[in-house]
Amino acid sequence: ELVRGTSDLMGIARSVREQTPTRAAYEDLIKQCARVLDAYFWLPEKEAGGLADDLRAIADGARNTLNEFEKVDSLRRETAQALSNAEAEQRTLLTDIASTLWNRPEDFIHALGRLRERRGRLQVLKDLRYVDLPRIEAMDDELAGEQQRVGERAMLFLAGEGAFDSQRQHIEKTAAQLPQAATAQALGKLLETLDQSAAGLD
């Protein structure tokens, strides 16, 4: 029994020294330590030189490492999910933009604003641990290309006659309602509407 015990202990020592840092390796090491502790009653004895404590320490160290593996795996899953969600949102955004009729300046303003916002969110994703940076760069390149196309289309639209007809009509309609504003609250809402229309012209 002493010979078998010595052989098992040497096997554990070899595993610690030569193991590949994988989940399976650490799980196997924990099982080896538990099996040897159960198999040899003399390990806790003083004559064994504290081998039982050493085995427990090895097993505890392996468990701590497994916990770190779990944390890393959890972070990787969360990051992958965040990136997958971003890809789905980007597909929806690009589909929405592709279906826009581009009849008003606001259409271009809204599309360009959404593209800028989406690119900003991609920059935030870059700070996540274990994120696929080349994948994010490819997504950002796609958005930048779409931003360029919408911008060029906006320039052509704004150069045409009647580009601002809808906004001018909206401002005139709102301005005509100002004399009928009976309360400060109603007046404030109308002025806010004018401000928004003016912002759109910017």
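In this predicted model, Tyr 130 is placed in the loop that connects α4 and α5. The phi angle of Tyr 130 is positive, at about 65°, although this residue is not a glycine. For residues other than glycine, a negative phi is found in most cases. With a relative accessibility of 32%, Tyr 130 counts as partly exposed, because the partly exposed class lies between the limits of 20% and 50%.

A positive phi is also found at Trp 102, where the value is about 60° and the residue is again not a glycine. Trp 102 belongs to the loop between α3 and α4. The relative accessible area of Trp 102 is 8%. Trp 102 is therefore classed as buried, the limit for that class being under 20%.

The packing of α3 against α5 was examined next. Two packed helices are described by the angle and the distance between their axes. Helix α3 spans residues 51-98 and helix α5 spans residues 133-158. Their axes come within 12 Å of each other and cross at roughly 15°. Because angles under 35 degrees count as roughly parallel, α3 and α5 are described as roughly parallel to each other. The crossing of the two helices is left-handed. On the α3 side, the contact is formed by Leu 83, Ser 84, Ala 86, Glu 87, Gln 90, Leu 93, Leu 94 and Ile 97. On the α5 side, Arg 135, Ile 136, Met 139, Glu 142, Leu 143, Glu 146 and Val 150 take part. By residue class, the contact of α3 with α5 comprises nine nonpolar, two polar and four charged residues.

Nonpolar side chains tend to be buried together in soluble globular proteins. The largest nonpolar core in the model holds 18 residues. Within this core, Ile 97, Leu 115, Leu 122 and Val 150 touch the most other members. At least two residues of the core come from each of α3, α4 and α5, with α4 occupying positions 105-125. The greatest contribution is that of α4, which supplies six residues.

The surroundings of Leu 115 were also listed. When neighbours within four places in sequence are set aside, Leu 115 contacts Leu 93, Leu 94, Ile 97, Leu 143, Glu 146, Gln 147 and Val 150. A second core, separate from the largest one, contains 16 residues. Among the members of this second core are Tyr 40, Ala 48, Leu 55 and Leu 66.

Conventions. Residues are numbered from 1 along each chain as its sequence is written. This is a predicted model: local features need pLDDT of at least 70, side-chain atom pairs count only at pLDDT 80 or more; totals for chains, interfaces and linings use all residues. Side-chain values use heavy atoms; hydrogens and water are left out. Axes are lines fitted to C-alpha atoms, for helices over the stretch in contact, and angles run from 0 to 180 degrees between N-to-C directions. Helices (H or I, at least four residues) and strands (E, at least two) are DSSP runs, numbered from the N terminus. Angles under 35 degrees count as roughly parallel, over 145 as roughly antiparallel, 65 to 115 as roughly perpendicular and the rest as oblique. A crossing is left-handed if the near helix is turned anticlockwise from the far one by less than a right angle, and right-handed if clockwise. Contact means heavy atoms within 4.5 Å. Ala, Val, Leu, Ile, Met, Phe, Trp, Tyr, Cys and Pro count as nonpolar, Asp, Glu, Lys and Arg as charged, and the others, Gly among them, as polar. A nonpolar core is a set of buried Ala, Val, Leu, Ile, Met, Phe, Trp, Tyr and Cys residues joined through side-chain atoms within 4.5 Å. Buried means under 20% relative accessible area, exposed over 50%, partly exposed in between (1.4 Å probe, protein chains only).
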